[in-house]
Amino acid sequence: MSRQHNDIAQALADRANQVPEAAAERVRQRVRQQLDREARRSRRMPIVGIAAAVVVGIGVGAGFLLPAVTGGSVAGPAGTAQRDTPAGTGPTIQLDSLQLSLPAGYRLSGNECLPATTAPVVPIRSSTTSALAPTGGCLTAELVPDNAIPPSTPTVSVSGHPGWLTTGTNGNTTNLLVEFPTAGGKHVLALIAEDIPADVLVTIARNALPPSPATTSPCAGPCG
Amino acid sequence: MGAMHRKESTEGFDSFVTEAGLPLLRTAYLLVDDLGEAEDLVQEALLRVARYWDRVRSVEYPLAYARRVLVNLTIDQSTRRRRRRQLLSLDRWPESGNLPDPAADREFSMVEVRGDIGAALAALTARQRAAIVLRYWDGLSEAETAQHLSCSIGTVKSTTSRGLARLRELLGQGDPRTGEDNEEDEAVSVP
């Protein structure tokens, strides 16, 4: 190897050795937790399946029997409930401790759904997951550093946390950034969506985030 | 019997992760120049290895297998990562409007990058970066690097050579004539 190549190898080694052993331990723990979670889920699956079948059976039976007993008519298939809570009946995205429940009809995807832009870069903190909407829209969710939030005042409140709704340069991209506190400091949940309405993004984020302590603490009497 | 096998398998994988975690993380860090991203990539690579652990542990070098998964994940996600970074950054300064002159921007980045191997690596294409890190950090031969990158030895030579030239230029050591950085270069194979 030439001297220049040795220099590069040495520079790489110096750089690589900056990685602390604690980071590897963190990864080891995350992998173990994920594998344990998957193992628990697979053990629980048959029980959940049977329970779901029983619940569906009871629901269907009640749907047919109740109108007959009361003399009323059967309403549409939970149409109102779905409009009020568009998130929560589809697949879920797990981002660290956050669980994002997606609306029915969505499916998780590894497909690219971010528009190309030309601008400088910011570091990303966490991995991402994408989902496709039944209408053809696409959503990417991730946790990003708090320096990604715009310098302007928040435009929306999500479970009491400050949120920023922005529209991308191509018009059909909507982004929601919500800043929330964690034990390790402030995190920002980023939902980057194409052809998905802003209110759906807000609902997904609201269902995933714990209420802000600032909004829950004054509630001494009966709440909700 | 099944439970005992599962326990052995779990323990074997755990000790592999304990042993291989740090080397993989250091490789990933050189590939993406961001510790958080590197952790995510290694986590994903190890989870993929875990799913095939019964087969992987029977191969001679499980670490090589895991590193190959990691490198492929990094290259596969590089475009998405770059666009995501750009998108978030654009949203941060929506009023900025005018983008800098590309030539001036490149000159500025070269000044910044001198002496900083991390930033210089970040200026390479994903495959150039992978080739250089595998050859000069992980110490793989050209043939092993070719296996990791699923390409010919000739492609490894040309990709490494272009990457090194660019790296030397950015680090202020070298010949600026070879400073082209083009993703299409990577498809060129030297026999």
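## Strands around E9 in chain A

Let's start at a single pair: A:Thr182 sits across from A:Gly185, a residue of strand E9 in chain A. That pairing belongs to this predicted model, in which strand E8 (residues 173–182) of chain A lines up antiparallel with E9(A) through 10 bridges.

E9(A) has another partner too: strand E5 of chain A, covering residues 138–144, is antiparallel to E9(A) and joined to it by 7 bridges. Here you'll find A:Thr140 facing A:Ile192 of E9(A). As for cover, E9(A) spans residues 185–194, and 7 of its 10 residues are buried.

## Two crossing helices in chain B

Over in chain B, have a look at helix H8 (residues 142–149) and helix H9 (residues 153–170): their axes come within 8 Å and cross at roughly 95°. An angle from 65 to 115 degrees counts as roughly perpendicular, so that is how H8(B) and H9(B) lie to each other.

On the H8(B) side, the contact uses B:Glu142, B:Ala143, B:Thr145, B:Ala146 and B:Leu149, while H9(B) brings B:Ile153, B:Val156 and B:Lys157. Sorted by class, that makes 5 nonpolar residues, 1 polar and 2 charged.

## How confident is the model in chain A?

The average pLDDT for chain A is 70, and 58% of the residues score at least 70. One stretch to watch is residues 66–85 of chain A, where pLDDT stays under 50 and the model has 5 contacts beyond four places in sequence. Residues 216–224 of chain A also have pLDDT below 50, with 1 contact in the model beyond near neighbours in sequence.

Methods:
Residues are numbered from 1 along each chain as its sequence is written. Chains are lettered from A and ligands numbered from 1 in the order in which they are written. This is a predicted model: local features need pLDDT of at least 70, side-chain atom pairs count only at pLDDT 80 or more; totals for chains, interfaces and linings use all residues. pLDDT is the predictor's confidence in each residue, from 0 to 100. Two residues are in contact if their C-beta atoms, placed from the backbone, lie within 7 Å. A residue is buried if 20 or more other C-beta atoms lie within 10 Å of its own, exposed if 12 or fewer, and partly exposed in between; C-beta atoms are placed from the backbone. Helices (H or I, at least four residues) and strands (E, at least two) are DSSP runs, numbered from the N terminus. Two strands pair if DSSP finds at least two bridges between them. Axes are lines fitted to C-alpha atoms, for helices over the stretch in contact, and angles run from 0 to 180 degrees between N-to-C directions. Angles under 35 degrees count as roughly parallel, over 145 as roughly antiparallel, 65 to 115 as roughly perpendicular and the rest as oblique. Ala, Val, Leu, Ile, Met, Phe, Trp, Tyr, Cys and Pro count as nonpolar, Asp, Glu, Lys and Arg as charged, and the others, Gly among them, as polar.
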